[in-house]
Amino acid sequence: MRPLKRQSPPGRAGLAKQQTKGRGLHSDSITATDPVQRLLDRLEGVRKVGGGWIAHCPAHEDRRPSLSIGGGDDGRALLSCHGGCPAAAVVAAVGLELADLFPRRLDIGPMTSEQRRKVSAETRTRRTLAALNAALPMIALVEVTAAAIADGEPLDEQDTELVRGAHQRLQELRLAVQGGMA
Ligand SMILES: [Zn+2]
């Protein structure tokens, strides 16, 4: 049987150039997903080897894993089939495109005032919930103490100290939340 190993997979440098061209990069773009993970998720027999991975090449009859996968410095996925399959054929075989090998950027255009309002309302809600969450133990403490007072139970010095601390923190939180809603 002829060994699968053949010469030189298609060059990556040329591919990279081709892909970055025409890709609108904005300073406020964010990277949404990891291309290496996106690729690995779709491959069979993935194994970690050194700084990268090997897997069965989906583009040819591959009994011994002959597809090397690695991650580039800029987050792109690098792949090389030792059977000689072009990268385009490999990604196509798992339902991806060459562009999927590169970090995806979500371009955020200028927001409408409606969108801005929505985002800041969501931020406020998130902050309020976080503050409330942080306050829960103190609320519980004050609640228990209030119940004790209502039942006419005397508070010892330690209880009083705890309640004083809780009162202080709750007041700070209330002011912070009110400030956040202003
Ligand atoms: Zn292959």
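Reader: Let me start with one residue in the model above. Which residues does Val-90 touch, leaving out those up to four places away in sequence?

Author: Happy to help; do keep in mind that this is a predicted model. A contact here is judged by C-beta atoms lying within 7 Å. By that test, and setting aside residues up to four places away, Val-90 touches Cys-57, Pro-58, Ala-59, Leu-67, Leu-79, Cys-81 and Cys-85.

Reader: Which residues of the largest nonpolar core touch the most other members?

Author: A core of this kind gathers buried nonpolar residues that are joined through their C-beta atoms. The largest one here has 18 residues, and those touching the most other members are Leu-39, Leu-67, Ile-69, Leu-79 and Val-90. Two or more residues each come from helix H2 (35–40), strand S3 (52–56), strand S4 (67–71), strand S5 (77–81) and helix H3 (87–93).

Reader: Now the sheet, please. In what order do its strands lie?

Author: Follow the pairing from strand to strand. The open sheet has four strands, in the order S2-S3-S4-S5, with antiparallel pairing. Strand S2 (44–49) and S5 are the edge strands, each pairing on one side only. On average, neighbouring strands are turned by 25° against each other, direction ignored.

Reader: How many bridges join S3 to S4?

Author: Three bridges link these antiparallel strands. You can also find Ala-55 standing opposite Leu-67 in S4, and Leu-67 is among the core residues named above.

Reader: And what pattern does the whole protein follow along the sequence?

Author: Reading along, you get α-β-α-β-β-β-β-α-β-α-α, which comprises five helices and six strands. Of its 182 residues, 12% count as buried.

Methods: Residues numbered from 1 in each chain as written. Predicted model: local features only at pLDDT ≥ 70, side-chain atom pairs only at ≥ 80, totals over all residues. Core = buried A, V, L, I, M, F, W, Y, C linked by C-beta atoms within 7 Å. Buried ≥ 20, exposed ≤ 12 C-beta atoms within 10 Å, placed from the backbone. Contact = placed C-beta atoms within 7 Å. Pairing = 2+ DSSP bridges. Axes fitted to C-alpha atoms, helices over the stretch in contact; angles between N-to-C directions.
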